[in-house]
Amino acid sequence: MNNHFQFRKFTIKQENSVFKVGTDSVLLGCLANIDKATRLLDIGTGTGLLSLISAQRNPSIAITAIDSEEEAASLAKKNCSESSFSKNIRVIHEDLNNYFSDFLFDYIICNPPFFKASKQLHQKHPVARQQIKFSYDLLFAKAKEIIDKDGKLGLIFPTESEKEVLSKAEKNNFYPERLVYISGIRNGKIKRIFIEFSLNKKEILTDSIYIEESPREWSSQYKKLTADFYL
């Protein structure tokens with residue numbers, strides 16, 4: 001097992017007990033429109049990857065990263081503290097349900113667990129993979145409490161969850177303003193969706209991206225999007 005993942009400007013140390021670096025988080029971190037954000041909340045930070053990508057993209061941003069799992073929060077704290085962006089990021093071990101902030105965020109970012117909770121839990125990283133401590137109802141309700149009136153919420157999730165996510169969002173007065181449909185390979189099936197929500201109804205901007213041109217060959221789109229991060 002490779003116990004670290006080297007990016008251009010930071011290193012992600014990895015442990016078996018914490019969900020490892022994946023393409024979904026890299027995409028989410030690179031697609032999020034955080035250029036004008038001043039305060040960002042990273043929900044379910046895991047290794048701290050999203051916080052570090054965000055700090056690199058916007059060096060003036062103040063980031064709060066939370067995770068319900070002690071091992072993940074500890075690892076994220078280590079990764080962030082050993083980076084050149086340590087002053088930008090505060091990591092907290094806390095459940096989303098119990099989290100309270102005395103200030104509002106203008107961006108909230110989350111790579112949520114993709115699978116519904118079931119009796120047969122994933123052997124590795126059940127909380128990161130399954131909605132045991134997470135639900136979209138909880139996410140949008142909590143986000144509504146702590147997001148600025150002009151703030152944005154950025155998520156990535158499987159295409160199968162699109163109707164559910166949009167329904168839960170609308171119940172809490174979050175509306176999509178940007179959608180990016182993501183395919184694993186050129187002309188392939190759409191696997192993921194990135195959606196950026198706000199509390200204001202706007203014209204929805206749509207786009208698409210595919211990750212690979214052919215098996216094991218990154219597409220020019222993906223290479224351009226992630227150029228500042230991958231070696």
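Start by selecting Phe-134: with a relative accessible area of 10%, this residue is buried. Keep in mind as you go that the model is predicted. Now add Tyr-136, which is buried too, at 2% relative accessibility. We'll come back to how these two rings meet.

**Confidence colours**

Switch to colouring by pLDDT. The protein chain averages 91, and 90% of the residues score at least 70. Then pick out residues 125–131, where the pLDDT is below 50; this stretch still has 34 contacts in the model beyond near neighbours in sequence.

**The sheet**

Next, go to cartoon view and show the strands. What order do the nine strands of the open sheet follow? Reading across, you get E5-E4-E3-E6-E9-E11-E10-E12-E13, with mixed pairing. At the edges sit E5 and strand E13 (217–218), each pairing on one side only.

Zoom in on strand E6, residues 105–110. Six of its six residues are buried, so this strand is mostly covered. Look to one side of E6 and you'll find strand E3 (residues 39–43), paired with E6 in the parallel sense over four bridges. Select Leu-40 and Tyr-107 to see one spot where they line up: Leu-40 stands opposite Tyr-107 in E6.

Now for another partner of E6, strand E9 (residues 147–158): five bridges join the two, and they run parallel. Click Ile-109 here; its bridge partner in E9 is Gly-154.

Step back to E3 and move on to strand E4 (residues 62–67). These two also run parallel, joined by five bridges. Leu-41 is a handy marker, standing opposite Thr-64 in E4.

**Helices across the strands**

Bring up helix H2, residues 49–57. H2 lies across E3, E4, E5 and E6, and runs at about 175° to E4. Then show helix H5, residues 136–146, which lies across E3, E6, E9 and strand E11 (190–198). Relative to E9, H5 runs at about 160°.

**A loop stop**

Select Ser-83, in the loop between helix H3 (70–81) and strand E5 (89–93). Is Ser-83 buried or exposed? It's buried, with a relative accessible area of 11%. Leaving aside neighbours within four places in sequence, Ser-83 is in contact with Phe-10 and Leu-52.

**Aromatic rings**

Time to display the side chains of Phe, Tyr and Trp. There are 11 aromatic pairs in the count. Try Phe-5 with Tyr-230: this pair is tilted, at 6.4 Å centre to centre and 50° between the planes. Phe-5 belongs to strand E1 (residues 4–6), while Tyr-230 is in the segment after helix H7 (220–225), so the pair ties together parts that are 225 residues apart in sequence. Phe-5 is partly exposed at 28% relative accessibility, whereas Tyr-230 is buried, with a relative accessible area of 18%.

And here's the return to our opening residues. Phe-134 and Tyr-136 form an edge-to-face pair, because their planes are at 80°; the ring centres are 5.3 Å apart.

Widen the selection to Phe-5, Phe-7, Phe-10, Trp-218, Tyr-222 and Tyr-230, which form one aromatic cluster. Phe-10 is the residue you met as a contact of Ser-83.

**Last stop**

Finish with Arg-39 and Phe-103. What sits over the ring of Phe-103? It's the charged end of Arg-39, 4.1 Å from the ring centre.

How values were computed:
Residues numbered from 1 in each chain as written. Heavy atoms only, no water. pLDDT = per-residue confidence, 0-100. Contact = heavy atoms within 4.5 Å. Buried < 20%, exposed > 50% of the residue type's maximum accessible area, 1.4 Å probe, protein only. Phe/Tyr/Trp six-rings, centres within 6.5 Å; stacked < 30°, edge-to-face > 60°. Lys NZ or Arg CZ within 6 Å of the ring centre and 35° of its normal. Pairing = 2+ DSSP bridges. Axes fitted to C-alpha atoms, helices over the stretch in contact; angles between N-to-C directions.
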